[in-house]
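These are my notebook entries on a predicted model. I record below what I looked up, entry by entry.

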Amino acid sequence: MSTSAQPTSRLSRRIDDIEESLIAIILGLMTLVTFANVIARYVFNSNILWALETTVFLFAWLVLIGISYCVKKNANLGVDVLVVSLPPGIRRIVTLLAVLACLTFSVLLMIGSWAYWLPFFGERSWYETDDIPVPELLQLLAPALNEGERWSKLPRFIPYFALPLGMTLLTFRFLEVAWRVIRGEQDLLIASHEAEEMIETLGNDAAQPLKKGN
Amino acid sequence: MAIFVLFGMVIVLLMIGVPIAISLGLASIAFLYIYSDGSLVIIAQTLFDAFAGHYTLLAIPFFILASTFMSTGGVAQRIIRFAISSVAHHPGGLAIAGVFACMLFAALSGSSPATVVAIGTIVIAAMRQVGYTKEFAAGVICNAGTLGILIPPSIVMVVYAAAVDVSVGRMFLAGVFPGLIAGGMLIIGIVIAAKIYDLPSQPKESWTEWFQAASDAGWGLFLIIIILGGIYGGIFTPTEAAAVAAVYAFLIANFVYRDMGPLKAQNDAPAISLFKKPQALLTAWFHRDTKKALFEAGKLTIILLFIIANALILKHVLTEERIPQAITEAMLAAGFGPITFLIVVNLLLLIGGQFMEPSGLIVIVAPLVFPIAMELGIDPIHLGIIMVVNMEIGMITPPVGLNLFVTAGVAKMSVMNVVKAALPWCGIMFIFLILVTYVPVISTWLPTTMMGPEIITK
């Protein structure tokens, strides 16, 4: 029985594509911004003020949004020794319990995240980041959110939105997993052979025969 | 008592197949509900602060990315060629070259499984070709690969430094000598095995071949200088060093080695010269190979950091409930000296390391044992190295030993056979663990000499 959901329709392939590109782009941006800051310091003798804060927030976005993708692809690490040794019937019940635990986690965090974020969007929308400049487009929202006052730096509700968005997506993905387990299409929540996949991704290029005199 | 409930919950959740990250997070939330008036908002905030509040952890994605570019970009192959031309003419030479290559790659990458994949895929096959048994080859590489987290840079060290607030730079320096000694002990083991089993040696390569191999590998090995020289020369922080390493590895892979990206050789043709295709300077940044490397590194980062973030929630719960203090008092009251304490730490980590991902385990165990260690006068850097070496052994012992799974895949063996194959070499690592645990000067000498004595703040 396959443990990871293969994209069935063109639409889901498309969504995979978007998620994968997003992960690549965020990590790429983090690296380039940090690198550019080093260059700016030594070559141009100045600092990119917003570099550090931006990278840190991108980091949060990468992980909090990305984790739902990893749930979808069953890429999370765990202990499968006990579960795989169970007879199929019991195994399904145990896995169902595991999904229930995951759902409890994600729903609780989803509630906490929205409760954490909403004040930043509402009464504390004036609360700004330390150094990140604010895009002009966002100022259009100022009349509605910030009593007409323009922000001088990016307001915090933008980076913090990773939390509610990420946890909502996570809940959605776990609901999907639960549905697949109920229908008997999936019987494990974790990557049972994470190693194989790692080799497939990291090793296929390294596995070329040793070249001499290259 | 409370602590047993907490860890009991974690273990039960792990056993029914809940991912590690969620086991840690859910147990913490449940614990807060049972034992105190926990608030979900605080938990959510702790989760976000795992990223926003820990600048040190930011080094991890960059080190993973650098290591991905190096594996797909042909750095590993060139390091192996260099290692073979350096040492393979001795009896058991290819095995020694394998260990040597693992040590060199470990000095570029911060992860053990990545080291096994990068070096193992090539070396295990090569060893079998010249007559080594599959078991011997897999056992050696599986163990030597664990050096990935001991020889700097190291992801696990970054996590330890972030968890207990010590300097990443010091941790990296502290890993140098233990790493060299561990590698040396494995090589001595091979030399002895070569005498007993009459292992094959390779023909000695010419000096020209050695020189060519060395200069070719030099582009990749220069990263060691960038990373360590950059950090200790005060040029950049460890996080920046990691980002620079990632960009450098990208440039080398695309424009010097040309094993990936727009200049990569197509169907046996030689790699394309940059002069013939100057637009590659731009297209390389958006090439599908680049995107794939970024995505794979990103995915690994997400999985690892979600575990660490949830371990930080658990840590938050532990400190909130003053559990470390309670344990410290209990242990001191029981009359534990430094030696018994270190044995307890070893046992705790060895058992824990069999079920948990190393970084997550460090985040949880470090705050528990750190205050006791300080009370007993154990050096925080030394404690960190002990933990890292324990994690190394954890990676080669079932059931969660990540290196075992990776080696099984690389060598196309069953995990059970890899466990058996790794066992004798694992014995060497045990002796090494005892050495590192009770001879602190191995770890502390280099950082103290280079950065001055440690100022310990409790």
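**Entry 1: backbone angles in chain B**

I began with B:Arg322, which sits in the loop between H14 and helix H15 (323-333) of chain B. I read its phi as near 55 degrees, a positive value in a residue other than glycine. I then turned to B:Arg258, another residue that is not a glycine and has a positive phi, here about 55 degrees. I placed B:Arg258 in the loop between helix H12 (238-256) and H13 of chain B. I noted B:Arg258 as partly exposed, because its relative accessibility of 24% falls between the limits of 20% and 50%.

I also looked at the peptide bond that joins B:Pro152 and B:Pro153 and found it to be cis, with omega about -5 degrees. I located B:Pro153 in the loop between helix H8 (134-144) and helix H9 (155-164) of chain B. I keep these items together because most residues other than glycine have a negative phi, and most peptide bonds are trans.

**Entry 2: B:His287**

I next asked where B:His287 is placed in chain B. I found B:His287 in the loop between helix H13 (280-283) and helix H14 (288-320). Is B:His287 buried or exposed? I entered it as buried, because its relative accessible area is 16%, and the class requires a value under 20%. I followed the side chain of B:His287 to the backbone nitrogen of B:Asp289, which it reaches at 3.0 Å. Leaving aside neighbours within four places in sequence, I listed B:Gly261 and B:Pro262 as the contacts of B:His287.

**Entry 3: cysteines**

I searched the whole structure for disulfides and obtained 0 over all chains. I then checked individual sulfur atoms against the cut-off of 2.5 Å. For A:Cys102, the closest cysteine sulfur is in A:Cys70, at 13 Å, so the two are too far apart for a bond. I recorded A:Cys102 as buried, at 0% relative accessibility. For B:Cys102, the closest cysteine sulfur belongs to B:Cys142 and is 10.0 Å away, which is too far for a bond. I recorded B:Cys102 as buried too, with a relative accessible area of 0%.

**Entry 4: the chain A fold**

I counted 9 helices and 0 strands in chain A. Reading from the N terminus, I wrote the order of elements as α-α-α-α-α-α-α-α-α. Of the 214 residues of chain A, I noted 50% as buried. I also looked up the contacts in chain A with a separation of 6 or more, and residues 24 or more positions apart account for 74% of them.

**Entry 5: A:Gly66**

I examined A:Gly66, which lies in helix H2 (residues 51-72) of chain A. I classed A:Gly66 as buried because its relative accessible area is 4%. Which residues touch A:Gly66, leaving aside its neighbours within four places in sequence? I found A:Trp61 and B:Ile302, so the list includes a residue of chain B, contact being heavy atoms within 4.5 Å. I also took the C-alpha to C-alpha distance from A:Gly66 to A:Ile190, which is 16 Å at a sequence separation of 124 residues.

**Entry 6: the interface of chain A and chain B**

I then considered the interface as a whole, where the contact takes 78 residues from chain A and 80 residues from chain B. I noted about 7,000 Å² of area buried between the two chains, with carbon and sulfur atoms giving 78%.

How many salt bridges link chain A and chain B? I counted 1. In this salt bridge the side chains of A:Arg41 and B:Glu240 meet at 2.8 Å, N to O. I also counted 5 residue pairs in polar contact across the interface, both residues being at pLDDT 80 or more.

I listed the elements of chain A that give two or more residues to the side touching chain B; among them are helix H1 (10-43), H2, helix H4 (88-121) and helix H8 (162-182). The largest share of that side, 15 residues, comes from H1(A). I closed the entry with the composition of the side of chain A that touches chain B: 53 nonpolar, 18 polar and 7 charged residues.

Conventions:
Residues are numbered from 1 along each chain as its sequence is written. Chains are lettered from A and ligands numbered from 1 in the order in which they are written. This is a predicted model: local features need pLDDT of at least 70, side-chain atom pairs count only at pLDDT 80 or more; totals for chains, interfaces and linings use all residues. Side-chain values use heavy atoms; hydrogens and water are left out. Helices (H or I, at least four residues) and strands (E, at least two) are DSSP runs, numbered from the N terminus. Buried means under 20% relative accessible area, exposed over 50%, partly exposed in between (1.4 Å probe, protein chains only). Buried area is the accessible area (1.4 Å probe) that two parts lose on being put together, summed over both. A salt bridge is a side-chain nitrogen of Lys or Arg within 4 Å of a carboxyl oxygen of Asp or Glu. A polar contact is a pair of N or O atoms within 3.5 Å; within protein, one must be able to donate a hydrogen and the other to accept it, and residues adjacent in sequence count only if both atoms are side-chain atoms. Ala, Val, Leu, Ile, Met, Phe, Trp, Tyr, Cys and Pro count as nonpolar, Asp, Glu, Lys and Arg as charged, and the others, Gly among them, as polar.
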